[in-house]
Amino acid sequence: MKQKIAAVLAVLMLAFSQLAAAAGINQISADDHVLQNDEIALGGIMVGTPRSEVEAIYGAPTERSEPVKSAAMDEMMDTYTYGTSFQVIFVKDMAMFIISTANNGIATPAGVTVGDPADAVMRTYGKPHRYSRSESGNESFVYLDPYGIAIVFSAEGGSITRIGIVGYE
């Protein structure tokens with residue numbers, strides 16, 4: 001009888017593990033690992049960097065969107081695009097979102113860039129606040145600072161494909 005119960009439990013555990021694997025993984029860390037504010041930057045730009053400072057570092061953008069009113073923030077926002085893979089989104093002339101989508105020399109203060117191996121993220125920053133992996137294997141690592149500003153690393157095929165900083169969720 002004990003063998004039958006153990007066999008049934010083993011089959012149930014295997015079935016649940018297969019369901020979890022099929023649905024992907026979405027974990028929130030309970031250890032509250034928090035980055036310092038100065039660790040969350042891309043190419044020297046942080047949330048709150050004034051537009052004039054971004055222009056002093058990178059010059060005029062390749063493209064600039066027309067300002068639009070953000071319903072979520074009730075403020076005007078516009079986007080500077082540099083090349084084809086680096087964007088800074090401003091709200092009231094302050095950087096609010098920063099995105100890099102190619103190996104373009106734009107790095108975090110710790111030197112992590114798009115194109116680096118995905119495991120470099122956890123080696124550099126430790127356990128993320130939130131980690132998810134889709135059925136196809138795409139990964140997302142989310143780290144926060146004490147003020148809720150997030151840096152998000154996306155990875156496909158074992159390599160970082162996108163780094164984004166989110167000043168407001």
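How many of the eight residues of β4 are buried? In this predicted model, the count is six, and β4 is accordingly described as mostly covered. This strand, spanning residues 75–82, is a convenient place to begin a tour of the structure.

Strand β4 pairs with several neighbours. With strand β3 (residues 68–70), the pairing is antiparallel and runs over three bridges, and Val68 sits opposite Met77 of β4. The two strands make a hairpin with four residues between them, and in that turn Asp74 adopts a positive phi of about 55 degrees. With β5, β4 forms six bridges, again in the antiparallel sense. Three residues lie between β4 and β5 in their hairpin, where Gly83 in the turn has a positive phi of about 65 degrees. Strand β2 (residues 63–64) is also an antiparallel partner of β4, through two bridges; here Glu63 has Thr81 as its bridge partner.

Thr79 offers a closer look at this part of the model. Thr79 belongs to β4 and faces Ile89 across the pairing with β5. With a relative accessible area of 16%, Thr79 falls under the 20% limit and therefore counts as buried. Beyond residues up to four places away in sequence, Thr79 is in contact with Glu63, Arg64, Ser65, Gln87, Val88 and Ile89.

Another set of pairings involves strands β6, β9 and β10. Strand β9 (residues 150–156) and β10 are antiparallel and share seven bridges, with Ala155 opposite Ile160. Their hairpin has two residues between the strands, and Gly157 there takes a positive phi near 60 degrees. On β10 (residues 159–166), four bridges also lead to strand β6 (residues 94–100), which runs antiparallel to it. In this pairing, Ile99 stands opposite Gly164.

Strands β7 and β8 make a further hairpin. Strand β7 (residues 130–133) is joined to β8 by four bridges in an antiparallel arrangement, and Arg130 has Val142 of β8 as its bridge partner. Five residues separate the two strands in the hairpin, in which Gly137 has a positive phi near 95 degrees. Ser140 is located in β8. Its relative accessibility is 19%, and since buried means under 20%, Ser140 is classed as buried. Leaving aside residues up to four places away in sequence, Ser140 touches Arg130, Tyr131, Ser132, Val152 and Phe153.

What lies inside? The largest nonpolar core holds 28 residues, and those touching the most other members are Phe86, Ile98, Tyr143, Ile151, Phe153 and Ile163. Two or more residues come from each of β4, β5 (86–91), β6, α3 (119–125), β8 (139–144), β9 and β10. A separate core of seven residues lies apart from it, including Met73, Ile89, Met96 and Ile99. Ile163, from the largest core, has contacts beyond its near neighbours in sequence that include Leu42, Ile98, Thr108, Val112, Ile151 and Phe153.

Finally, a word on confidence. The mean pLDDT of the protein is 83, and 79% of the residues score at least 70. Helix α2 (residues 51–58) has the highest confidence, at 97, whereas helix α1 (residues 2–22) has the lowest, with a mean of 36. Residues 1–23 have a pLDDT below 50, and this stretch makes two contacts in the model beyond near neighbours in sequence.

How values were computed:
Residues are numbered from 1 along each chain as its sequence is written. This is a predicted model: local features need pLDDT of at least 70, side-chain atom pairs count only at pLDDT 80 or more; totals for chains, interfaces and linings use all residues. Side-chain values use heavy atoms; hydrogens and water are left out. Two strands pair if DSSP finds at least two bridges between them. A nonpolar core is a set of buried Ala, Val, Leu, Ile, Met, Phe, Trp, Tyr and Cys residues joined through side-chain atoms within 4.5 Å. Buried means under 20% relative accessible area, exposed over 50%, partly exposed in between (1.4 Å probe, protein chains only). Contact means heavy atoms within 4.5 Å. pLDDT is the predictor's confidence in each residue, from 0 to 100.
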